[in-house]
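Grab your viewer and work through these exercises, each with its solution right below. Try every task yourself before reading on.

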Amino acid sequence: MTITMYGIPNCDTIKKAKKWLQEADINFEFHDYRKQGVDPEMVKSFCDQLGWEQVLNKRGTTYRQLTQEQKDSLNEENAIALLVESPAMIKRPILSIDNTLYIGFKAEQYASVFGK
């Protein structure tokens with residue numbers, strides 16, 4: 001089983017998700033958007049599986065700094081470009097388990113996914 005967590009390390013939700021996996025003794029790779037980057041293909045695959053509206057983090061400061069016009073004109077195509085340009089707007093974490101994606105972190109969800 002190949003497990004990759006995508007996100008940025010200083011995010012509180014990422015820290016909680018990492019801690020949960022470590023305490024459950026589950027090995028995973030961490031893909032740091034800032035260090036390892038993101039590309040259009042990666043973001044498109046996230047959006048194809050999860051839906052771009054789910055992938056876009058509307059609670060973060062980066063999203064809130066967009067103009068109302070930018071927010072109103074969002075669609076899948078320009079959202080992908082925006083997420084590549086500003087990976088902090090990708091909802092975190094995204095967990096890939098053998099190419100199946102899960103978004104966000106809730107202990108109950110992880111327990112269910114991993115049968116713990």
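Axes here are lines fitted to C-alpha atoms, for helices over the stretch in contact, and angles run from 0 to 180 degrees between N-to-C directions. Helices (H or I, at least four residues) and strands (E, at least two) are DSSP runs, numbered from the N terminus. You're looking at a predicted model, where local features need pLDDT of at least 70, side-chain atom pairs count only at pLDDT 80 or more, and totals for chains, interfaces and linings use all residues. Residues are numbered from 1 along each chain as its sequence is written, and side-chain values use heavy atoms, with hydrogens and water left out.

**Exercise 1.** Work out how helix 3 crosses helix 7.

Step 1: The axes of helix 3 (residues 40-50) and helix 7 (residues 76-85) come within 9 Å, crossing at roughly 130°.

Step 2: That angle makes helix 3 oblique to helix 7 (under 35 degrees is roughly parallel, over 145 roughly antiparallel, 65 to 115 roughly perpendicular, the rest oblique).

Step 3: On the helix 3 side, the contact (heavy atoms within 4.5 Å) uses Pro40, Val43, Lys44, Cys47 and Asp48, and on the helix 7 side Glu76, Ile80, Leu83 and Val84.

Step 4: Sorted by class, those contact residues are six nonpolar, no polar and three charged (Ala, Val, Leu, Ile, Met, Phe, Trp, Tyr, Cys and Pro count as nonpolar, Asp, Glu, Lys and Arg as charged, and the others, Gly among them, as polar).

**Exercise 2.** Do the same for helix 1 and helix 8.

Step 1: Helix 1 (residues 12-23) and helix 8 (residues 107-114) have axes that come within 11 Å and cross at roughly 40°.

Step 2: Ala17, Trp20 and Leu21 of helix 1 meet Ala107, Tyr110, Ala111 and Phe114 of helix 8.

Step 3: This contact has seven nonpolar, no polar and no charged residues.

**Exercise 3.** Find the backbone oddities in two loops.

Step 1: Go to the loop between helix 7 and strand 3 (94-97), where proline 93 lies. The peptide bond from arginine 92 to proline 93 is cis, with omega near -15°.

Step 2: Now try the loop between helix 1 and strand 2 (29-32), the place of aspartate 25. Aspartate 25 isn't a glycine, yet has a positive phi of about 60°.
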